[in-house]
Amino acid sequence: FEIVICDDASTDSTPQILDEYARKDSRIRVYKNEKNLGYRENFNKAVSLCKGDFVAFSDQDDLWLPNHLQALHDAIGDNLVCGGRTVRCREDGSTLKEYSPTPYQSNCLTSQKDRFIYQCYAFNLYQGASQLISREAVKRFFPIEVEEYAHDWSLAANAIAENRFVYTSEVVTKWRKHSSQVTHKRHSREVRKKRLAQFAVYMWTHNENLKKDKPISEVLNKAVEFHTNSDITYRIKNLAHAWRTSKIIYGRNFSGTLKTVLGYLFTASL
């Protein structure tokens, strides 16, 4: 058991606090970046320094619950990735009644295909600080590249597509909401569309296993086309596809789904 910490050029007292803990426990290894790498490259560095059979991610602003590692380790089996559930909390740690995945996502997105549709058309469903990955996943999928955008999104999508992802509905993390967090800021539909297209193209060109699974291959091919073709005639022809996909992703009622599809018609993004 080890704790690997990569400090990404903190400007406060974090390095001193880390040194204090490292002196108290030999299982804690601290590395300090001379310059800020950004969260993707810092995760790449941290994972490259890990020696264990499994790796769990801990973001500096979220809170692991006491059952975190046990629940994920009990569930992962021989899968590449195990995703746990998170509950949102305020900056002071007090919890909100907001879960990720949501009750709909947790209860209804259970098939390999439906989970993959969500990853390709919406964004990541399984937060990184609530994932446990195997050594095989480390060897196969790291380092995470720019086109993948984020480690958790790419890891979950690849594992789901290969049917080697498992989810536990047990809440294992408090996901802190605050104004200065780096990720999960709101973006325009056009920004999301470009990012999803880039991700889908990357998945298709870098995971040969996806081409062997016909249903998953069809989802990915359609997603690439869906996000890259902004022509109005294409959008009109694919309104039915947008409707079906929106229902799978969001589980909204008629009016909610209609609003989403109309948004696609005008912005080319769900």
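## A tour of side-chain contacts

Start on the surface by selecting Phe254, Leu258, Leu262 and Phe266: together they make a nonpolar patch with about 450 Å² of accessible area. Keep in mind as you go that this is a predicted model. Now narrow the selection to Phe254, which belongs to helix H12 (residues 254-267). Its relative accessibility is 57%, so Phe254 counts as exposed.

**Aromatic rings**

Next, show the rings of Phe, Tyr and Trp. Across the whole structure, the search turns up 11 aromatic pairs. Select Tyr126 and Phe165 for one of them: the pair is tilted, with 4.6 Å from centre to centre and 45° between the planes. Colour by secondary structure here, because the two rings come from separate elements: Tyr126 is in the loop between helix H5 (112-121) and strand E7 (131-134), while Phe165 is in strand E8 (residues 165-176). The pair therefore ties together parts that lie 39 residues apart in sequence. Add a surface and you can check the cover on each partner: Tyr126 is buried at 1% relative accessibility, and Phe165 is buried at 9%.

Move on to Tyr149 and Trp153, an edge-to-face pair with 6.1 Å between centres and 80° between planes. Both Tyr149 and Trp153 are buried. Widen the selection to include Phe123 and Phe199, and you have a cluster of four names, Phe123, Tyr149, Trp153 and Phe199, linked by ring pairs.

Stay on Tyr149 and bring in Arg195: the charged end of Arg195 sits over the Tyr149 ring, 3.9 Å from its centre. For another such contact, select Arg88 and Trp175, where the charged end of Arg88 sits over the ring, 3.9 Å from the centre.

**Salt bridges**

Now display the charged side chains. How many salt bridges are there by this rule? The count is nine.

Begin with Asp19 and Lys32, whose side chains meet at 2.7 Å, N to O. This bridge links distant parts of the chain, since Asp19 is in helix H1 (residues 14-24) and Lys32 in strand E2 (residues 28-32), 13 residues apart. Asp19 is partly exposed at 27% relative accessibility, and Lys32 is partly exposed at 42%.

Then select Arg27 and Asp25, which form a salt bridge of 2.9 Å, N to O. Here Arg27 has a relative accessible area of 44% and is partly exposed; Asp25, at 22%, is also partly exposed.

For the next stop, go to helix H6 (residues 135-141), where Glu136 and Arg140 are four residues apart and so separated by about one helical turn. Glu136 and Arg140 form a salt bridge, with the closest N and O atoms 3.9 Å apart. Glu136 is partly exposed, with 34% relative accessible area, and Arg140 is partly exposed with 33%. Add Glu162 and Arg164 to the selection: salt bridges with shared partners join Glu136, Arg140, Glu162 and Arg164 into one network.

**Cysteines**

Finish with the sulfur atoms. The search of the whole structure finds zero disulfides. Why is there no bond at Cys108? Its closest cysteine sulfur, in Cys120, is 19 Å away, which is too far for a bond. Cys108 is partly exposed at 40% relative accessibility, whereas Cys120 is buried at 1%.

Definitions and conventions: Residues are numbered from 1 along each chain as its sequence is written. This is a predicted model: local features need pLDDT of at least 70, side-chain atom pairs count only at pLDDT 80 or more; totals for chains, interfaces and linings use all residues. Side-chain values use heavy atoms; hydrogens and water are left out. Rings of Phe, Tyr and Trp (its six-membered ring) pair if their centres lie within 6.5 Å; planes under 30 degrees apart count as stacked, over 60 as edge-to-face and the rest as tilted. Helices (H or I, at least four residues) and strands (E, at least two) are DSSP runs, numbered from the N terminus. Buried means under 20% relative accessible area, exposed over 50%, partly exposed in between (1.4 Å probe, protein chains only). A charge sits over a ring if NZ of Lys or CZ of Arg is within 6 Å of the ring centre and within 35 degrees of the ring normal. Patches are made of residues with over 30% relative accessible area and no salt bridge: like charges are joined within 9 Å, nonpolar side chains (Val, Leu, Ile, Met, Phe, Trp, Tyr) within 5 Å. Accessible areas come from the Shrake-Rupley method with a 1.4 Å probe; for residues, only the protein chains shown count as cover. A salt bridge is a side-chain nitrogen of Lys or Arg within 4 Å of a carboxyl oxygen of Asp or Glu. A disulfide is a pair of cysteine sulfur atoms within 2.5 Å.
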